[in-house]
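Here is a friendly walk through one protein model, meant to be read with the structure open beside you. Have a viewer ready, and colour by secondary structure if you can.

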Amino acid sequence: MTADLSKGSRVPPLAAPLSAADIDDAAKRISGVVTRSPLQFSERLSEATGANVYLKREDLQAVRSYKVRGAFNLMAQLSPEELAAGVVCSSAGNHAQGFAMACRSMRTHGRVYVPAKTPKQKRDRIRYHGREFIDLIAIGKTYDLAAAAALEDVARTGATLVPPYDDVRTMAGQGTIAAEVLDQLDDEPDLVIVPVGGGGCIAGITTYLAERASGTSVLGVEPAGAASMIAALAAGEPVTLEHVDQFVDGAAVARAGALPYAALAAAGDMVTLTTVDEGAVCTAMLDLYQNDGIIAEPAGALSVAALLEADIEPGTTVVCLISGGNNDVSRYNEVVERSLVHLGLKHYFLVDFPQEPGALRRFLDEVLGPGDDITLFEYVKRNNRETGEALCGVELSAATDLEGLLARMADSDIHVELLEPGSPTYRYLT
C-alpha cells in the first residue's frame, strides 16, 4: 500500500516509553466506564477512494471524544492520598470532558483550565459531565497558556496533574482504541489514520499496533496551522511553534508531548506524519454531516480530510479515527466559509467603482457571470469624489468559473483586485 507522504516526516528509532501490555491493562481498567465505540464501514468513502474504509466512531463516547479513555485510566491508578489532594487538568475542551466525567464517577474534586477561546459548547459540556465535582477556569488565548496555569495550580496547591497526552497512563488509555479495532475487524487493517494534537492518542495506537499487528501502518494528521509533531520530528525533539492556528482547536498544540514523541520515534517506519489545510478539514466536516449524519468537530474530521488527499492503493483496508464530535453550532458559518474558499468557490475582491450613475449596474451585468452570486458588498472607504472602493465577496457555481470572471474583470474599465487567501489584507477584511 502507498500513501501520499510528500508532506510527511519519517522518524528515527528511539526507546519506547509504553508497551502493548500497558494498553491491554488499561483496556481492562476502563471497560466498565468507557464505551466500546462502533467501527462503521463507510460506503461513500470506500467508493471515493477504492479502499475499504471504516470509521472508528469515538464521537459516540458519552463525552463525544476518545479523551475519556486516557483521563479515566490515569485517575483510576491514583492513590487515595493523590485523589484527596484534588486533581487538575488543562485542555482544549475534550480532555476536560473526559476528566470531568472521571471526577464525577470517582467522586473526586477537580479543576479544569481551558483556553478562553474554547467553544461555549465544550465549556457547557465540561460543566455537565463534572457537575459539582469540577471548577472550570477559562484563561489565556491558547492551550499552552492554559496548561501553564494548570501547572502553577499544581505547584501552589499540591493537587495531582492529569495530563491530556504527555503521560504514559494517558497514552495507554487512548491506545485502547487500537485494541478495539483489531478485535472488531476480521483481519488487521493496512492503514490507520489518526488525528494528532499533543500526540498521546497516535502514540498509544502506534505502540499497540507495532506489537499486536504484523503489517499495519499509521498515518498521523496535523492541521497545517499547528503541525507541532512534524516540527518535533524534524528537530529531533519537541519544539515550540511560534504561531498556532486555533481553528482546529482539538489539535491546536504549540508543542508536542515529549513521551508521545518518543513513542512515535520508537515505531520507526510504520508511522508517517502529514498535514491538511484547515479548509479541507471544513469540507470533510460538512461532507460527514450532510452525507453520513456524523457531527464531527474540526479535529474529528482530520483523518477523513487526509484520506481524501492520500494516494491509497485500491482494495486496502483503512480505518479513520473520528476522534471527536464536540462542535459548536455557532461555528458552522465559519466552517462553510473556509470550505468554500478551499474549494475555490468563494473569492473576495476590492472593486474601485467610479462614482457615476450605472457603475454598479455595469459591474453586475458585464463582469459577473450568470452563475456568480454576490455574498458580500460593503464600501470600505472613499478615496476622492470620483471613486469608491468596495469589498465584494463572490460565490461561483464552479471553481472553473474563476478564469472567465477574472478575464471579464480585466476587460472592464472598473479596477478590481483579487484578495489572496492568507494575505494580510485578506485576513483583515474578512
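The report below takes the sheets, then the aromatic rings, then the cysteines. Please keep in mind that this is a predicted model.

**The four-stranded sheet**

Let's begin with an open sheet of four strands, which has the order 5-4-3-6 and parallel pairing. Strand 5 and strand 6 stand at its edges, each with a single partner strand, so one side of each has no neighbour in the sheet. Strand 4 (residues 110-114) runs parallel to strand 5 (residues 134-138), and five bridges join the two. To find this pairing on screen, look for Tyr-113, which stands opposite Ile-137 in strand 5. Strand 4 also pairs with strand 3 (residues 87-90), again in the parallel sense, over four bridges. Here Val-88 has Arg-111 in strand 4 as its bridge partner.

How do you get from strand 4 to strand 5? Helix 6 (residues 120-130) completes the picture: together with strand 4 and strand 5 it makes a right-handed β-α-β unit.

**The six-stranded sheet**

Another open sheet has six strands in the order 1-2-10-7-8-9, and its pairing is mixed. Strand 1 (39-41) and strand 9 (271-276) are at the edges with a single partner strand each, so one side of each is left without a neighbour in the sheet. From one strand to the next, the twist averages 25°. Within this sheet, strand 2 (residues 52-57) pairs with strand 10 (residues 317-322) in the parallel sense over six bridges. Tyr-54 is a handy marker, with Val-319 in strand 10 as its bridge partner.

**Aromatic rings**

The structure holds five aromatic pairs, and two of them are set out here.

| Pair | Centre to centre | Angle between planes | Geometry |
|---|---|---|---|
| Tyr-143 and Tyr-165 | 6.2 Å | 50° | tilted |
| Phe-353 and Phe-363 | 5.5 Å | 80° | edge-to-face |

What does the tyrosine pair connect? Tyr-143 lies in helix 7 (residues 143-157), while Tyr-165 is in the loop between strand 6 (160-161) and helix 8 (168-184), so the pair ties together parts that are 22 residues apart in sequence. Tyr-143 counts as buried because its relative accessibility is 7%. Tyr-165, at 10% relative accessibility, counts as buried too.

The phenylalanine pair has its planes at 80°, so it is edge-to-face. Phe-353 lies in strand 11 (residues 346-354) and Phe-363 in helix 15 (residues 359-367), so this pair links parts that are ten residues apart in sequence. Both Phe-353 and Phe-363 are buried. With Phe-377, they form one aromatic cluster.

Charges sit over rings as well. The charged end of Arg-131 lies over the ring of Tyr-128, at 4.4 Å from its centre. Likewise, the charged end of Arg-331 sits over the ring of Phe-247, 5.0 Å from the ring centre.

**Cysteines**

How many disulfides does the model have? The count comes to zero disulfides. For Cys-320, the nearest cysteine sulfur is that of Cys-201, 13 Å away; a disulfide would need the two sulfur atoms within 2.5 Å. Is Cys-320 buried or exposed? Cys-320 is buried, with a relative accessible area of 0%. Cys-392 also counts as buried, at 0% relative accessibility.

Notes
Residues numbered from 1 in each chain as written. Predicted model: local features only at pLDDT ≥ 70, side-chain atom pairs only at ≥ 80, totals over all residues. Heavy atoms only, no water. Pairing = 2+ DSSP bridges. Right-handed = clockwise from strand over helix to strand, strands pointing away. Phe/Tyr/Trp six-rings, centres within 6.5 Å; stacked < 30°, edge-to-face > 60°. Buried < 20%, exposed > 50% of the residue type's maximum accessible area, 1.4 Å probe, protein only. Lys NZ or Arg CZ within 6 Å of the ring centre and 35° of its normal. Axes fitted to C-alpha atoms, helices over the stretch in contact; angles between N-to-C directions.
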